[in-house]
Amino acid sequence: MKQYKGYLIDLDGTMFRGEEPIVAAVEFIDMLNTKQLPYLFITNNSSKTQKEVSDKLNHLGIYSTPEHVVTTSIATAKYIKNKKQNANCYVIGETGINKALQEEGLETYSDREYDFVVVGIDRQINYEKYANACLAIQNGATFISTNSDVVIPDERGLLPGNGALTSVITVSTGQMPTFIGKPETVIMDEALSIINLSPEETLMVGDNYDTDILAGMNAGMDTLMAFTGVTTREQLSKKDRLPTHQVDNLSEWIERI
């Protein structure tokens, strides 16, 4: 069986569900460290900073440093900066996306015309935020969304994701956003450049076919589907393209590392 030189790993539904670690997640990461294989956690969650994500993983017993984490916020901020230096952004989102934009020198001034509307998960979303975003897009701002996930795995079940929030603006303006997170290649290209491996050398691990697995496929990588989160075996059976590997949980993969 092919031996991979590095791993890109989803978080929600793969490493943890809400505040509970997924079966074998701790052992899986421990084995990667034992084998001295590089890995990065790739998350579409734009609400947290790298340090916050890393702290949560360590609290759950899953070894991580901030440098192990690539968030869609970081990929979004770099994407916008490459499009326009010092761009002014109207932001719907939480700490992660706001900090990432600030660190790239991007602005959020309300007294200037907006260059971009940026939408990330926002659990304090309200009508006025939606209205301001729609007005900015109508006035010419470019519409960016951190990710298209319509649901988020949680210990309570599947909750509305950023894709669901973003759809309100899409319906109201008639404009589709540019999505940055999985399954798009923007975040994957960023991760591969950090891990310094080719797509052929790297395995993408995730629980959601429509984000994690398609992201790996779109980036030219082999993929590992773990049935611990969003996608079920029945749902997967209806897909035309299948993951390279499938496991009920990551304990089945540990001996193959």
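**Close-up views of a predicted model**

**Figure 1. Aspartate 10 lies in the loop that connects strand E1 (6-9) with strand E2 (16-17).** The model shown here and in the following views is predicted. Aspartate 10 has a relative accessible area of 6% and is therefore buried. Its side chain takes part in a polar contact of 2.8 Å with the side chain of threonine 14. A polar contact of 2.7 Å links the side chain of aspartate 10 to that of lysine 182. When residues up to four places away in sequence are not counted, aspartate 10 touches Met15, Ile42, Lys182, Met204, Val205, Gly206, Asp207 and Asp212.

**Figure 2. Helix H8 (residues 209-218) is largely enclosed by the rest of the structure, because seven of its ten residues are buried.** The buried residues of H8 are Tyr209, Thr211, Asp212, Ile213, Ala215, Gly216 and Met217. One of them, Asp212, is also among the residues that aspartate 10 touches. The buried residues of H8 pack against two helices, H7 (185-195) and H9 (233-236), and against two strands, E12 (202-206) and E13 (222-226).

**Figure 3. The two ends of helix H8 are shown with asparagine 208 and glycine 220.** At the start of H8, a side-chain oxygen of asparagine 208 comes to within 3.0 Å of the backbone nitrogen of aspartate 210. Glycine 220 follows H8 and has a positive phi, near 80 degrees.

**Figure 4. The largest pocket contains about 490 Å³ of space.** Its lining consists of 22 residues, and those nearest the centre of the pocket are Asp12, Asn45, Lys56, Arg123 and Ile152. Helix H2 (50-59), strand E9 (151-154) and strand E10 (157-160) are the elements that give two or more residues to this lining. The largest share, four residues, is contributed by H2. Sorted by class, the lining of the largest pocket comprises nine nonpolar, four polar and nine charged residues.

**Figure 5. The second largest pocket has a volume of about 270 Å³.** Of the 19 residues that line the second largest pocket, Gln50, Thr71, Ile74, Ala100 and Glu103 lie nearest its centre. At least two lining residues are supplied by each of H2, strand E5 (69-71), helix H3 (72-83), helix H4 (95-103) and H7. Helix H2 thus appears in this view as a contributor to the lining of the second largest pocket, and in the preceding view as a contributor to that of the largest pocket. The lining of the second largest pocket divides into six nonpolar, five polar and eight charged residues.

**Figure 6. Cysteine 89 and cysteine 134 are shown in a structure for which a search finds zero disulfides.** Cysteine 89 is in no disulfide, and the nearest cysteine sulfur, that of cysteine 134, is 17 Å away. A disulfide is a covalent bond between the sulfur atoms of two cysteines. The cut-off applied to a pair of cysteine sulfur atoms is 2.5 Å. At 17 Å from its closest cysteine sulfur, in cysteine 89, the sulfur of cysteine 134 is therefore too far away for a bond. Cysteine 89 counts as buried because its relative accessibility is 1%. Cysteine 134 likewise counts as buried, at 11% relative accessibility; the cut-off for a buried residue is under 20%.

Conventions. Residues are numbered from 1 along each chain as its sequence is written. This is a predicted model: local features need pLDDT of at least 70, side-chain atom pairs count only at pLDDT 80 or more; totals for chains, interfaces and linings use all residues. Side-chain values use heavy atoms; hydrogens and water are left out. Buried means under 20% relative accessible area, exposed over 50%, partly exposed in between (1.4 Å probe, protein chains only). Contact means heavy atoms within 4.5 Å. A polar contact is a pair of N or O atoms within 3.5 Å; within protein, one must be able to donate a hydrogen and the other to accept it, and residues adjacent in sequence count only if both atoms are side-chain atoms. On a 1 Å grid over the protein atoms alone, a cavity is a set of points where a 1.4 Å probe fits but cannot get out, and a pocket is an open set with protein on both sides within 12 Å along at least five of seven lines; lining residues have an atom within 4 Å of a point. Grid points are joined across faces, edges and corners, and a volume is the space filled by probe spheres set on the points. Ala, Val, Leu, Ile, Met, Phe, Trp, Tyr, Cys and Pro count as nonpolar, Asp, Glu, Lys and Arg as charged, and the others, Gly among them, as polar.
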